[in-house]
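Visitor: I am new to reading protein structures. Could you walk me through one, feature by feature?

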Protein chains: 2
Amino acid sequence: MISLSEVHDVALRFLGSHDQRYTANRRLIVQALAMADAPLTIDGVTETEPMLALSSTYRNLAVLEEAGVVHRIVTSDDHARFELTEDVTGAHHHHLVCTDCGLVLDVTLPDELEDLLHQSLEAAAKENSFAGAHHRIDLIGLCQSCKP
Amino acid sequence: MISLSEVHDVALRFLGSHDQRYTANRRLIVQALAMADAPLTIDGVTETEPMLALSSTYRNLAVLEEAGVVHRIVTSDDHARFELTEDVTGAHHHHLVCTDCGLVLDVTLPDELEDLLHQSLEAAAKENSFAGAHHRIDLIGLCQSCKP
DNA sequence: GAAGATTTCGAGACTCATTCTCGCTTGCCC
DNA sequence: GGGCAAGCGAGAATGAGTCTCGAAATCTTC
Ligand SMILES: [Zn+2]
Ligand SMILES: [Zn+2]
Ligand SMILES: [Zn+2]
Ligand SMILES: [Zn+2]
C-alpha cells in the first residue's frame with residue numbers, strides 16, 4: 001500500500017513531465033481519489049472536497065488523465081468514475097461493476113492468470129493488426145446493496 | 001456461424017417473451033447488426049438502413065436491449081455501439097477497442113482461459129458479496145488505421 | 001519586491017448524444 | 001369495419017461534459 005505523500009510525489013513528477021503544475025486543486029482531487037476505497041464520480045470528488053468547483057474539477061481531471069495520474073472508468077452508468085492509475089498506485093487490478101447503482105469495486109486476479117490473458121490478447125491483437133496498450137476486465141453484476 | 005433467419009427466429013422469441021412485437025423497424029435493426037462485421041454505432045445502423053428514423057432507432061435499440069437481443073457497448077468514445085447478444089449469436093467473445101477512433105473489434109479467447117477467468121472472478125465476487133452476471137474483457141489500444 | 005507574462009480558476013453558456021413528448025399511423029381483436 | 005393498444009417519428013427536452021472569458025494566482029525578470 002503506497003502512502004499519500006508518495007502518491008503526491010508521483011503525481012508531481014507525472015505532471016512535471018507534461019509541463020503542468022501541481023496546484024492546490026489538483027492536489028485535493030488526487031487526495032480524494034487516494035483516500036476513497038472505490039473509484040469516485042465527479043460528484044463524489046466534489047462532495048469529498050467541497051471547495052472544488054465543478055468546472056475546474058472536470059478540467060483538472062482531464063489534465064490529470066492526460067498526465068497519466070488519473071484513469072477514467074466509463075460504464076453504462078450515466079456518470080464516469082475516476083481512480084488513480086496503476087502507474088501511481090503500483091497495483092494492477094480490475095473491477096466489479098454494479099448494473100443497478102453504478103458502483104465500481106477493485107479486485108485483483110492471480111498473476112499467472114494475468115500472464116495467460118496478456119498472451120492471448122496479444123495474439124488476438126496481432127491477428128487484427130491492433131496495437132494493444134492495456135487490458136480491462138470487468139465482472140458485471142449486482143453489488144450487495146442492489147442484490148434482490 | 002448462425003444464419004440470418006435463425007437470428008430473426010431468436011429475436012422473435014426473445015421479444016415475444018417480453019410482450020414485444022417484432023416490427024419491421026426492429027427487424028431492420030437486427031439485420032443491420034447481424035450483417036455488420038463489427039459493433040455499430042447508432043449512426044452506423046441508420047446509415048446501413050436509411051429508412052430508420054433516429055428517434056425510433058434509439059427507442060427500438062432500448063427495447064431490443066431490454067429483451068436481451070442487443071448488447072450496448074459503452075467505451076470512452078462519444079457514441080455507444082451495439083451488437084447482437086451472445087444469447088442470439090451463441091458466440092462468447094471479447095473486444096479490441098481503439099482509443100483513437102472508437103472502433104470495436106470482436107475476438108475470442110481460448111475456452112480454458114475463459115474457464116480460469118470465470119473461476120477467479122467468481123471468487124473475487126464472493127469476497128465482495130457481489131453477484132456476478134457476466135464478464136467483459138477489452139484490449140485497449142490503437143487499430144490499424146490509427147496506428148502511428 | 002514590483003511589473004508584466006503566463007497559467008489556472010470558476011460561473012455560466014454551450015454542445016450534442018440520448019431520452020421524452022405527443023399527435024399520427026399501423027395492425028391486432030372482436 | 002370499428003375500437004384500441006402498440007409503434008412511429010419529428011421535434012423538444014435533458015443533462016453530463018466542454019468551452020469561454022474575465023478575475024485570481026503564480027511564475028519570471030529586473
Ligand atoms: Zn449496486
Ligand atoms: Zn479500480
Ligand atoms: Zn482506430
Ligand atoms: Zn462484440
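**Reading the model together**

Guide: Happily! In this predicted model, the zinc ion (ligand 2) is coordinated by A:E83 (OE), A:H93 (NE2), A:H95 (NE2) and A:D106 (OD), at 1.8 to 2.2 Å.

Visitor: What arrangement do the four donor atoms around the zinc ion (ligand 2) make?

Guide: For this we look at the angles. Four donors count as tetrahedral if all angles lie between 85 and 135 degrees. The donor atoms around the zinc ion (ligand 2) subtend angles of 97 to 118 degrees, so their arrangement is tetrahedral.

Visitor: What spacing do the donors of the zinc ion (ligand 2) follow along the chain?

Guide: We write the donor letters with the number of residues between them. Here that gives E-x9-H-x1-H-x10-D.

Visitor: Is A:H93 buried or exposed?

Guide: Buried means under 20% relative accessible area. A:H93 has a value of 10%, so this residue is buried. A:H95 is buried as well, because its relative accessibility is 6%.

Visitor: Which protein donors does the zinc ion (ligand 3) have?

Guide: They are B:C98 (SG), B:C101 (SG), B:C143 (SG) and B:C146 (SG), at 2.2 to 2.4 Å from the ion. The same kind of angle check works again: the four donor atoms subtend 102 to 117 degrees, which makes the arrangement around the zinc ion (ligand 3) tetrahedral. In sequence, these donor residues are spaced C-x2-C-x41-C-x2-C. Now place two of them: B:C98 is in strand β4 (residues 94-98) of chain B, while B:C146 is in the segment after β6 (131-142) of chain B, so this pair ties together parts that are 48 residues apart in sequence. Both B:C98 and B:C146 are buried.

Visitor: Let us move to the DNA. Which residues come nearest to DNA strand D?

Guide: Of the 15 residues around DNA strand D, the nearest are A:Y58, B:T23, B:N25, B:S56 and B:R59. It also helps to ask which part of the strand is approached: sugar and phosphate account for 74% of the atoms of DNA strand D that come within 4 Å of the protein.

Visitor: Which side chains have a polar atom by a phosphate oxygen of DNA strand D?

Guide: Let us take three cases. An N or O atom in the side chain of B:Q20 is 3.1 Å from a phosphate oxygen of DNA strand D. For B:T23, a polar side-chain atom lies 3.0 Å from a phosphate oxygen of that strand, and the side chain of B:S56 has an N or O atom 3.0 Å from one. The elements that give two or more residues to this surface are α4 (54-66) of chain A together with α2 (24-35) and α4 (54-66) of chain B. The largest share, four residues, comes from α4(B). By class, the surface near DNA strand D has three nonpolar, eight polar and four charged residues.

Visitor: How many helices and strands does chain A have?

Guide: Chain A has six helices and six strands. Read from the N terminus, their order is α-α-β-α-α-β-β-α-β-β-α-β. Buried residues make up 46% of the 148 residues in chain A.

Visitor: One last feature, the backbone. What is the phi of B:D19?

Guide: B:D19 has a positive phi of about 55 degrees, although this residue is not a glycine. B:D19 lies in the loop between α1 (4-16) and α2 of chain B, and counts as exposed because its relative accessibility is 74%.

Note on methods. Residues numbered from 1 in each chain as written. Chains lettered and ligands numbered in written order. Predicted model: local features only at pLDDT ≥ 70, side-chain atom pairs only at ≥ 80, totals over all residues. Heavy atoms only, no water. Donors = N, O, S within 2.8 Å, 3.2 Å for Na, K, Ca; no water. Tetrahedral: all angles 85-135°; square planar, octahedral: opposite > 155°, others 65-115°. Buried < 20%, exposed > 50% of the residue type's maximum accessible area, 1.4 Å probe, protein only. Near = heavy atom within 4 Å. Polar contact = N/O pair within 3.5 Å; in protein donor to acceptor, adjacent residues only side chain to side chain. Nonpolar A, V, L, I, M, F, W, Y, C, P; charged D, E, K, R; others polar.
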